[in-house]
Amino acid sequence: FWAQRIRLTADVGNETGVSGRLSLLSALQWGLDESPVQENRLAVQEGYIDIASDTLRLRTGRQEVSLGSQRLVGTRDGTNVRRNWEGFRATGSFTDWTVEAIYLNLVGVEPSGAFNDRRLDERLLSGIYFTRSGDWSNFDLYYLYSDVEEKLTIAGPGSQRRHSLGARMFGERGPWFWNWEAVYQWGDHEEEEIRAWTLASNTGYRIDAPWSPALMLSVNIASGDSDPDDGKLETFDALYPRGNYFSDLAQLGPANFFNLNPYLTFSPAANVAVSLDVNFYWRLEEEDGIYGPPGNLIRLPGGSDERFVNTAISLSVGWQISEHWFAGVSLAHSIPEAFI
């Protein structure tokens with residue numbers, strides 16, 4: 001298939017602290033079935049107004065949003081059409097702290113036609129996000145509330161209200177760097193009580209050697225539903241994460257799983273970066289299925305009690321040709337394992 005994305009953006013502002021953005025998008029694709037994540041013929045991708053002072057910024061309108069490491073709220077890179085929202089966003093900066101509050105509705109993409117995307121009142125996301133900056137380690141603490149009118153889960157379709165409380169620590173010291181995150185979720189899905197969780201980690205070490213190699217290991221786990229008939233929904237939902245959560249293939253999502261993902265990065269030249277990684281992915285609970293990046297159920301658990309789902313190998317090379325030109329190539333290979 002072939003995908004093409006053209007974006008034209010204009011920013012305007014003045015000394016009073018009032019600014020705005022208008023961004024038009026044309027995303028086309030050939031060779032695949034029509035999909036709102038791959039095609040949007042002509043639309044307003046962003047259109048917002050900012051009012052800012054030295055410590056506070058208020059934004060209203062259509063906008064892209066990413067929080068932290070984009071494990072729960074991201075722009076869905078890896079697809080041809082990035083995720084966008086309509087609503088309000090307030091950001092305040094106070095000494096070592098940054099506080100961000102959001103109240104947003106997801107924008108529903110209509111692949112064909114022009115300027116016909118609409119705000120989805122049935123998809124609400126709100127919450128507050130704190131970040132503290134330290135000398136060598138930083139800390140995030142956040143609460144998010146998601147309200148979805150109709151969502152398909154292992155417990156069946158239904159209205160869902162999910163609360164997420166999370167903490168993240170990230171930074172670097174000497175040759176070491178890290179990004180660790182934990183989230184607990186509760187709420188209700190129709191008559192089901194939600195109780196879910198995840199632990200995510202990425203730890204790396206930079207080697208003092210030619211080509212500046214770095215080794216990283218990502219180890220992650222997220223809860224699944226151990227018994228679909230017990231009145232509890234225990235499958236973790238990453239809400240609106242980045243699309244390429246595990247690899248550029250964007251096949252699998254972070255629900256009912258555990259994985260090991262070693263990385264190697266190096267720079268054979270000052271403007272060239274190379275990354276190689278392998279991802280080993282298993283199901284956590286045998287009574288639950290496997291999920292895509294947006295949390296959609298893509299295979300039911302029946303027919304197999306195997307846990308090993310997939311091995312994915314990825315290689316990417318990026319070349320910063322000049323200040324305004326960048327070229328990159330990625331190769332990803334997916335190997336189905338015992339459960340598939």
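This is a short tour of selected salt bridges and nonpolar cores in a predicted model.

Begin with the charged side chains, of which a search of the whole structure finds 21 pairs that count as salt bridges. Select R7 and E64 together, and you will see their side chains meeting in a salt bridge, with N and O 2.9 Å apart. Colouring the chain by strand helps here, because R7 lies in strand β1 (residues 2-13) while E64 sits in the loop between β4 (56-63) and β5 (85-94), so this pair ties together parts that are 57 residues apart in sequence. If you then switch on a surface, compare the two partners: R7 counts as partly exposed, at 31% relative accessibility, whereas E64 is buried, with a relative accessible area of 12%.

Next, select R71 and E181, whose side chains also form a salt bridge, here with an N to O distance of 2.8 Å. This pair again links distant parts of the chain, since R71 belongs to the loop between β4 and β5 and E181 to strand β10 (residues 176-189), 110 residues apart. With the surface still on, look for both residues beneath it, as R71 and E181 are each buried.

Move on to D237 and K151, which form a salt bridge whose closest N and O atoms are 3.2 Å apart. D237 is found in the loop between β13 (232-233) and β14 (257-269), and K151 in strand β8 (residues 137-153), so that distant parts of the chain, 86 residues apart, are linked by the pair. Both of these residues are buried.

To see how salt bridges can join up, select R7, D11, R21, E46, E64, D77 and R82 at once, for these residues form one network through salt bridges that share partners.

Now hide the charged side chains and turn to the nonpolar ones. The largest nonpolar core holds 29 residues, and the members to select within it are L72, L125 and L144, which touch the most other members. Strands β6 (97-108), β7 (118-132) and β8 each supply at least two residues of this core.

Centre the view on L72, and which residues does it touch, leaving aside those up to four places away in sequence? They are Y142, L144, S164, V183, F236, A238, L239, Y240 and P241.

For the last stop, select I194, L233, Y291 and L297, which are among the 6 residues of a second, separate core.

Notes:
Residues numbered from 1 in each chain as written. Predicted model: local features only at pLDDT ≥ 70, side-chain atom pairs only at ≥ 80, totals over all residues. Heavy atoms only, no water. Salt bridge = Lys/Arg side-chain N within 4 Å of Asp/Glu carboxyl O. Helix = DSSP H or I, 4+ residues; strand = E, 2+ residues; numbered from the N terminus. Buried < 20%, exposed > 50% of the residue type's maximum accessible area, 1.4 Å probe, protein only. Core = buried A, V, L, I, M, F, W, Y, C linked by side-chain atoms within 4.5 Å. Contact = heavy atoms within 4.5 Å.
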